[in-house]
Amino acid sequence: MFVVQVEKEEVGKPLVLAVTERNLGWLEQLRMAIRDSSAQKLPLLLLCQGENTCGLLGLVNCLRWESAHLRCFFIRDEGAPDFSLDHPLYASQLKKDLLMNVYQEGQWGSYRHVRIDDNRAKTTLQVQHAYVNALTRGDLASLRWIEGPLSYHRPELHPDNQLCHVYYAPLNFRDVMLATGKLSPDALPGNMAGQDCILGAEFSGRDCSGRRVMGLVPARGMATTLLADKRMLWPVPDHWTLEEASTVPVVYCTSYYALVVRGHMRPGDFLLVHAGSGGVGLASIAIALHMGVTVFTTVGSQEKRQFLKNRFPQLTDRNIANSRDTSFEQHVLSETQGRGVDLVLNSLAEDKLQASVRCLARHGRFLEIGKFDLSNNSPLGMSMFLKNTSFHGILLDALFDSNTGDNLEVVRLLSEGVKSGAVQPLPATVFADSQAEQAFRYLASGKHIGKVVLQIRDEEPDHVTPPTPKLVAAIPRVYMNPEKVYVLVGGLGGFGLELANWLVLRGATRLVLTSRSGLITGYQSRCVRRWRRTGIEVAVSSVDCADAGGAAQLLGEAGKLGPVGGVFNLAAVLKDALLDNLGEEDFAAACRPKADTARNLDEASRRLCPELDYFVVFSSVVSGRGNVGQANYGMANSAMERVCERRQADGLPALAIQWGAVGDVGMVIDNIGDNDVVIAGTVPQRMSSCLASLDVLLHHPHPVVASMVLAERKSSDNGGGQVGLLDAVAKIIGIKNVKKLNPKVTLAEMGMDSLMGAEIKQTLERNYDIVLTPQDIRTMTFGHLMEKSVGGSAAQKIANPDSAHSGKTHVESLPELMPSRVLERLESKAMDDSKDRPLFVVHAIDGSVGHLRAVAAELSLPVWGVQCTAQTPSSTIQDMAAFYITHIQTVQPNGPYMIGGYSYGAMVAFEIGLQLEKKGEQVSIVLLDGSPAYITHHALAFKNVHEKGSAVKEAQIVANIMNLYIDIDYDQTKDELEGLASWEERLAKCVDVLSRVSPYSPQQLTEVAETLNVRMVVGDNYHPSEKYQGEVILCKAKDNFTIPEEDYGLSKICKRTPQVHLVEGNHKQILQGDSAKRIAGIITSLERA
């Protein structure tokens, strides 16, 4: 790189003024010199030589905003000649006409801010103690190994805990919910929400003696080492591997706690266990059968039914009910002669929860382990308690804070269960320790069987052997030595209290906080009381460290509590004014808590603190960037920075942090403004960000660092931001190559589920300042994301894409005009080689299944879309159905079949069901807001649409074409189209509205209109030949009022009473967001048995 300096016109010799901190007599001379410099148009050179800790640089940085002709010479080299304008060393430097000129170690230089490569996700250190956590809550991509605090562990200080070395660390769905932001930490009992890591609740490994153990922990279970409550540890049986043992603690403790401790289960009781093939279900059945309890359970498929019968020979078909719907209620009541069951272990929600409540016998106990209805505060109904029943919310986390003895009882029960054989390990899918993100995403996908486990170490063959040392690449973290004392000067201020709490969280147990006025607020007293209640020693001092004797006294008193490990100076006094209004007393007031205190602490700590790890002073960006009206404050902070440079040169710990404006607490909030105020070119940095920055800054080798948020915030609308945004969203969904994406495909159609949606939402808000609703995210296309590279606000472009129709349209992805494949495998949570019974779902009127991708993405079974191609017969619905059956049977030759259909496809699906029944097959049908009568009703508006001059009918067909692809005000759009002169103009208007995302021509749209007309006429002519005998479920849009019949006329053509489920939204909205998830749950109920 070449720097070219333009040679400036020579001016006269500068005026020179020497600045010293020994006295402030130069202050009045400075004011006069500035006036003379301006009058004579000569530069003013401020000089300091021989005082290496002078704050000249900060002074000049502030004064340059008040005077345009300043120059600074700071000569710190003791071997440099005395300053003279005529000396060649200085004369040559003067010719360069630079603002800042610092001479040290025989070289000229200056001070500049250089960006720290703050890539905490990649900066790693090989450590023995580490744990897995998400750097950013809601972002699974931020899962990293982080250095743990156990390097300072001393067993004698924790007699009730055992240091364990982790070999296998299972994941639970609670961990996924917390990491993705779907479950708030506030929903957890105790003080879990205040901890920085709440992931990981169980493990298996070895204790310090080398014995194999498994155990429960409240958090940080995904780690290389951990501290476990000795009472919550169990020895691992010799015939189990550590991998097998890791699958036991949570599921069996949950079962014992629910059934025995809370439910008081006894031999002879009747028990209903939902989701019997799940982890807790399997554990509960095993425990109950071992106790002589009669078990009823529900599962989701014939395969799962057979699995349970193989695993538990005591179970027959009489013990296993169907969880497809609420029919298990009648099954249980029938098998118990109307009595019901004594206990229900429930994980089902909504109507199935209510049905489960009705299964309770008198004096029954309802044990709720699902968190859906609990967290949503769903109503239960008081009438259930008329039978003297009880309802129990089961939260295993609460055992760690239990004073009732429940935790000890659970420990005893699990120990006895292991000995008796009632407790058996579950199957597991194992990921390497470097695959934390993949393991979380795999568990979130629902594709696993049993448990998902991280393998931390390989198990040794010997049952008792010293643990194998394990080093992992982890992000460095700062931890405090619990045996040392940490002194905070100004520690009772806003930032001081936050820093003190951070030090406590990082292991400090002894604090000395100073303030000239002592404890004066209720909040200060509360913080001190809270720390003392948790065993932290807190001393409060009012010693003034601006005096040399006071600094020595403070450190001497601190040394009596233990070796001093850290000294932090946060003290500050603001006396802001322009130079003309600043007196010597204002400079002195600013320098005493800053410069004077830092020098005194430096001298005293050299003598009294031989084990010092941290000497940290909180400076200000005012020193490095300057700010008008703060010359005294800039000088005071700059002097502290020079002290730190001198200490580090002497081989002592030292760090000065130039903070920008600090938000939430402190002087900015108290005296100046809120979190949006601009100070010295910065906006307030929130306190959480400040404390997080300390992990980087305290590890940094330079004596002066800075942390700030610049007011001129970078836009996310540049090209680099665009690539980062696309890559970030694509990675969350699991797309490797964004270049091959169809820009018109929505995120929902790419397989985004609700967990991914939550992660994308938080990523957009955090990194790109884009705030969207979950519905916006589901309907957002990659094309919308790409558009922001054109310019303008990314948030505006994505949340409000250009609308060509009165601002009321919302463009969705366009399906193919004519699909090329009859069967298309839709992305779901099922494995590619899944053997589960598939769902075949028939297209809507447009012939494509693109609208159904969001529903498919929520399902755990294979989903095949049935599409209308050019080869599909179009003469009758019967011919169409027969054609589709031939293709369906290439995937599934024999029943039972599950057939679904949306809108127009519901009619076709119904006919497919009839024809399959005639072939002797068993069929279940799911109709998504459609039926034969529903389509017949709509067909009336589409007959003979191409009669020339029929403006109303032409407007109807064009409006319906538009409504297939965009959300419109249908009535208003139809009225506008009626006002146009011809069919061609109406089609042209349609093309104009769709032009932003549609590649379709008027000719193509005309063909679409003709095709729609034919399909509607064929639909209108369809009449079922006989009544359908099988099970039929209708998912009906709550906001669809097109047809008056409650069941869309299905009861007239079905022998069984149709099950009708109301789903939030209109005809199109039910396929998106939470409504899509609800439909998926209803469909899943068909698969469970």
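**Helix 12 and a seven-stranded sheet**

The buried residues of helix 12 (residues 406-420) pack against three elements: strand 11 (212-216), strand 13 (233-235) and helix 6 (249-262). The model described here is predicted. Buried positions in helix 12 are Asn407, Val410, Val411, Leu413, Leu414, Gly417 and Val418. Viewed down the axis of helix 12, these residues fall within an arc of 165 degrees, so they line one face of the helix.

The length of helix 12 was compared with the expected span. At 1.5 Å a residue, its 15 residues should span 21 Å, and the end C-alpha atoms are 21 Å apart, which agrees. Just after helix 12 comes glycine 421, with a positive phi of about 90 degrees.

Further along the chain, seven strands form an open sheet with parallel pairing, in the order 25-24-23-26-27-28-30. Strand 25 (537-541) and strand 30 (704-707) occupy the edges; each has a single partner strand, so one side of each is left without a neighbour in the sheet. From one strand to the next, the twist averages 20 degrees.

Within this sheet, strand 23 (residues 485-489) and strand 26 (residues 564-569) run parallel and are joined by five bridges. Valine 487 has valine 567 of strand 26 as its bridge partner. Strand 26 is also among the strands crossed by helix 19 (residues 631-649), which lies across strand 26, strand 27 (614-620), strand 28 (655-659) and strand 30. Relative to strand 27, helix 19 runs at about 155 degrees.

Notes. Residues are numbered from 1 along each chain as its sequence is written. This is a predicted model: local features need pLDDT of at least 70, side-chain atom pairs count only at pLDDT 80 or more; totals for chains, interfaces and linings use all residues. Side-chain values use heavy atoms; hydrogens and water are left out. Two strands pair if DSSP finds at least two bridges between them. Helices (H or I, at least four residues) and strands (E, at least two) are DSSP runs, numbered from the N terminus. Axes are lines fitted to C-alpha atoms, for helices over the stretch in contact, and angles run from 0 to 180 degrees between N-to-C directions. Contact means heavy atoms within 4.5 Å. The expected span of a helix is 1.5 Å times one less than its number of residues. Buried means under 20% relative accessible area, exposed over 50%, partly exposed in between (1.4 Å probe, protein chains only). The arc is that of the directions from the helix axis to the C-beta atoms.
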